[in-house]
Amino acid sequence: MIEILRETKDELLAIRVSKELTIADFDQYRNLLRDLMQAYQEVHLYYEMKDVNWVQPVAAIENGLFDVVHGLDYGRVAMVGEKKWQEWAAKLISPVKKKGVRYFDLAEKEQAMRWVREGK
C-alpha cells in the first residue's frame with residue numbers, strides 16, 4: 001500500500017509505504033516521480049516504510065531499474081524505516097542516486113523530513 005503524504009509539494013514527493021507492496025503500488029509511485037521529474041530539474045524524495053511485510057519481487061526489480069535509469073534526476077532522498085533490511089536497501093540503492101540516500105530510523109522521521117526539505 002502506498003500513501004501520498006500531505007508534505008508533498010513542488011519538487012518534494014513524500015510517501016509512506018506499508019503492508020504489501022504490489023506492482024500497482026510501484027507503478028503509481030513511478031508515475032508520480034516521472035511527472036515531477038518532467039516538471040523539475042531535481043526531485044527530492046521522502047520515503048517512509050512502516051509495517052512493510054511483503055514486496056512483490058517483480059515490483060522491486062522494476063523499481064530498482066527505474067532508479068538506475070533516473071538516478072541523476074533525484075535530489076535529496078531520505079528513506080525512513082524500522083527494520084535492518086530497509087537500512088540495507090537504502091545503502092544498496094544509494095550509489096545510483098545523484099546525491100545518495102540517507103537512512104533514518106522511524107523515530108527520526110521529523111529529522112528526515114527536515115533534511116529532505118532543507119538539506120540540513
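Contact here means heavy atoms within 4.5 Å. The views below all come from a predicted model.

**View 1. Helix H3 has a buried face that packs against strands.** In H3 (84-93), the buried residues are Gln-86, Glu-87 and Ala-90. Looking down the H3 axis, these buried residues sit within an arc of 100°, so they line one face of the helix. That buried set packs against S3, S4 and strand S5 (102-105). Swing round to the other side of H3 and you find Trp-88, Lys-91 and Leu-92, which are exposed.

**View 2. The largest pocket has a volume of about 400 Å³.** Its lining is made up of 20 residues, and Tyr-47, Asn-63, Met-79, Ala-89 and Ile-93 are the ones nearest the centre. Who supplies the walls? At least two lining residues come from each of strand S2 (12-21), helix H1 (23-39), strand S3 (43-55), helix H2 (57-70), strand S4 (74-81) and helix H3 (84-93). S3 chips in the most, with five residues. Sorted by class, the lining of this pocket has 16 nonpolar, two polar and two charged residues.

**View 3. The second largest pocket holds about 170 Å³ of space.** Here the lining is Leu-5, Glu-7, Arg-16, Tyr-46, Glu-48, Lys-109, Glu-110, Met-113, Arg-114, Arg-117 and Glu-118. S3 and helix H4 (109-118) each put in at least two residues, and H4 has the largest share, with six. What sort of residues are these? The lining of the second largest pocket counts eight charged, three nonpolar and no polar residues.

**View 4. The largest nonpolar core has 23 residues.** The members that touch the most others are Val-17, Tyr-29, Leu-33, Tyr-47, Tyr-74 and Met-79. S2, H1, S3, H2 and S4 are the elements giving two or more residues to this core. Apart from it there is a second, separate core of 12 residues, which includes Leu-5, Val-80, Ala-112 and Val-116. As a general rule, in soluble globular proteins nonpolar side chains tend to be buried together.

**View 5. A close-up of Val-17, one of the best-connected members of the largest nonpolar core.** Which residues does Val-17 contact, once neighbours within four places in sequence are set aside? They are Met-1, Ile-2, Tyr-47, Glu-48, Met-49, Lys-50 and Val-52. Two of these names turn up in the pocket views as well: Tyr-47 is among the residues nearest the centre of the largest pocket, while Glu-48 helps line the second largest pocket.

Notes
Residues numbered from 1 in each chain as written. Predicted model: local features only at pLDDT ≥ 70, side-chain atom pairs only at ≥ 80, totals over all residues. Heavy atoms only, no water. 1 Å grid on protein atoms, 1.4 Å probe; cavity = no way out; pocket = protein on both sides within 12 Å on 5 of 7 lines; lining within 4 Å. Points joined across faces, edges and corners; volume = space filled by probe spheres on them. Helix = DSSP H or I, 4+ residues; strand = E, 2+ residues; numbered from the N terminus. Nonpolar A, V, L, I, M, F, W, Y, C, P; charged D, E, K, R; others polar. Buried < 20%, exposed > 50% of the residue type's maximum accessible area, 1.4 Å probe, protein only. Arc of directions from axis to C-beta. Core = buried A, V, L, I, M, F, W, Y, C linked by side-chain atoms within 4.5 Å.
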